[in-house]
Amino acid sequence: MKNILTCLIFIVLATSCQGQTKSTGTPKTQVKNVSNYDTSTKTIHVFVALCDNKYQGIVPVPKLIGNGQDPNNNLYWGCSYGVKSYFKKSKEWKLLRSEKLDKVRMERLIFKHTTQNYYLVADAYDGQYIKKTTTDFLYSAAGQLKDTININKTTIGINGNAKLVAYIGHDGLMDFQLNENFTNADGQQRDAIILACISKKYFAPHLTQTKANPLVWTTGLMAPEAYTLHDALSRYIAGGTAEEIRTKSAMAYTKFQKCSLKASRNLLVTGY
C-alpha cells in the first residue's frame with residue numbers, strides 16, 4: 001500500500017511548495033559544544049522534517065502519509081522510500097538502535113555501515129517544527145552545534161561533529177525567514193546534502209555563512225525521497241568526487257522517477 005501511495009503522489013510532490021508555514025511556537029535550538037568523541041569514526045547526520053499537511057506550506061498529500069506527527073507512516077520516514085524504511089532495507093547499512101528523543105525529534109535511528117567505519121544518525125522531526133529542523137541543520141553545518149552519542153561502547157560525533165550533514169524534506173525557507181547567525185564557528189568545513197525543492201537558491205545565503213561544502217542540492221521542484229540520499233552516500237563513503245556523488249544521486253533519481261538523466265542532472269547540482 002505504501003509503495004502505491006508513494007508512486008501516486010509524485011505529481012503532487014512536484015507542485016507542493018506553496019503557501020506559508022503555520023506558526024507553532026518553534027523551540028529555540030540549545031547550542032552545544034560537546035566535542036569529546038572517537039575521532040577514528042566518521043558520522044553522517046541526517047535531519048528529516050516530516051511531511052506535514054497541516055503545518056507546512058505544501059499542497060496536501062494523502063492524509064496517512066502527510067501527518068507530521070506520525071513518523072511510522074510519514075512520506076519522508078516510514079513510507080517505502082522514506083529514510084527509515086529505505087535504509088533499513090539497504091545491504092550497506094545495519095540498524096543499531098531506534099529511540100525517541102523528545103516531542104520535537106520523534107525518532108532517532110543509528111546505523112553502522114557494513115564495511116566502513118561510518119555511522120549514520122537520522123532524526124525525524126515533528127513536521128510542525130520544520131523551522132527548528134532547518135536551524136539545527138544549519139547550526140550543525142556551521143559547527144556551532146556539536147554533540148555526541150554512545151553506541152556499543154563507542155562515542156561518536158553528531159551535529160557539527162559529523163563529517164556530513166543532510167537535510168531532507170519540504171523547503172521551509174520558501175515560507176519563513178531566518179534571522180539567526182550561522183557563521184562558521186571552528187574553521188572546519190563539513191559536507192552537506194540538501195534534498196528539498198529549489199534548495200540551492202533558498203539555502204545558499206545561510207549555507208555560505210557556515211562554509212559547508214554543498215555536495216548535492218537542487219535547482220527545482222523535487223521528491224526528496226531516500227534513494228537519492230542513499231546512493232549519494234554510497235559514492236561519498238567510497239571516496240568519490242563531488243561530481244561523482246552528484247552523478248550517482250542523479251542516476252538514482254532517474255531510476256525511481258522515470259525521468260531522463262539530463263533532467264536529473266539539471267535538478268541535482270553540486271557546489272555554489
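## A chat about two helices, a strand residue and a pocket

Visitor: Hi! Can we start with helix H4: how many residues does it have, and what does it span?
Guide: Sure. This is a predicted model, and in it H4 covers residues 130-142, which makes 13 residues. From its first C-alpha to its last it reaches 18 Å, close to the 18 Å expected at 1.5 Å a residue.

Visitor: Is H4 mostly covered or mostly open?
Guide: Mostly covered: twelve of its 13 residues are buried. Among them are Ile130, Phe137, Leu138 and Tyr139, and also Lys132 and Asp136.

Visitor: What does the covering?
Guide: Several elements take part, including the strands S1 (42-49), S4 (118-125), S6 (154-159), S7 (164-168) and S8 (191-195). Helix H5 (199-210) is also among what covers the buried residues of H4.

Visitor: And which residue follows H4?
Guide: Gly143 follows H4, and its phi is positive, near 80 degrees.

Visitor: Nice. What about H6, how long is that one?
Guide: H6 runs over residues 226-237, so to speak a stretch of twelve residues. Its first and last C-alpha atoms are 16 Å apart, close to the 16 Å expected at 1.5 Å a residue.

Visitor: Why call H6 largely enclosed?
Guide: Because eleven of its twelve residues are buried, H6 is largely enclosed by the rest of the structure. The buried ones include Tyr227, Leu229, His230, Asp231 and Tyr236. H6 is followed by Gly239, with a positive phi near 90 degrees.

Visitor: Let's zoom out. How many helices and strands are in the chain?
Guide: Eight helices and ten strands. The protein chain has 272 residues, and 59% of them count as buried.

Visitor: How much of the contact set is long-range in sequence, say 24 or more positions apart?
Guide: Counting contacts with a separation of 6 or more, residues 24 or more positions apart account for 68%.

Visitor: Got a concrete residue to look at? Where is Val48, for instance?
Guide: Val48 is in strand S1. It is buried, with a relative accessible area of 0%. Leaving out residues up to four places away in sequence, Val48 touches Tyr76, Trp77, Val83, Asp123, Ala124, Tyr125, Thr133 and Ile168.

Visitor: How far apart are Val48 and Ala124?
Guide: They are 76 residues apart in sequence, while their C-alpha atoms are 5.0 Å apart in space.

Visitor: And Lys91, is that buried or exposed?
Guide: Exposed, at 80% relative accessibility. Lys91 is in the loop between helix H3 (83-89) and strand S2 (93-99). Its C-alpha is 9.0 Å from that of His113, 22 residues apart in sequence.

Visitor: Switching to cysteines, how many disulfides are there?
Guide: The count comes to zero. Cys51, for one, is in no disulfide: the nearest cysteine sulfur is that of Cys79, 8.9 Å away. The cut-off is 2.5 Å between the sulfur atoms, so that pair does not qualify.

Visitor: Are Cys51 and Cys197 buried or exposed?
Guide: Cys51 counts as buried at 2% relative accessibility, and Cys197 counts as buried at 4%.

Visitor: Last topic: what's the volume of the second largest pocket?
Guide: About 230 Å³. Its lining has 15 residues, and Tyr37, Asn161, Ala162, Lys163 and Gln188 lie nearest its centre.

Visitor: What's the polarity mix of that lining?
Guide: The lining of the second largest pocket divides into two nonpolar, eight polar and five charged residues.

Note on methods. Residues are numbered from 1 along each chain as its sequence is written. This is a predicted model: local features need pLDDT of at least 70, side-chain atom pairs count only at pLDDT 80 or more; totals for chains, interfaces and linings use all residues. Side-chain values use heavy atoms; hydrogens and water are left out. Helices (H or I, at least four residues) and strands (E, at least two) are DSSP runs, numbered from the N terminus. The expected span of a helix is 1.5 Å times one less than its number of residues. Buried means under 20% relative accessible area, exposed over 50%, partly exposed in between (1.4 Å probe, protein chains only). Contact means heavy atoms within 4.5 Å. On a 1 Å grid over the protein atoms alone, a cavity is a set of points where a 1.4 Å probe fits but cannot get out, and a pocket is an open set with protein on both sides within 12 Å along at least five of seven lines; lining residues have an atom within 4 Å of a point. Grid points are joined across faces, edges and corners, and a volume is the space filled by probe spheres set on the points. Ala, Val, Leu, Ile, Met, Phe, Trp, Tyr, Cys and Pro count as nonpolar, Asp, Glu, Lys and Arg as charged, and the others, Gly among them, as polar.
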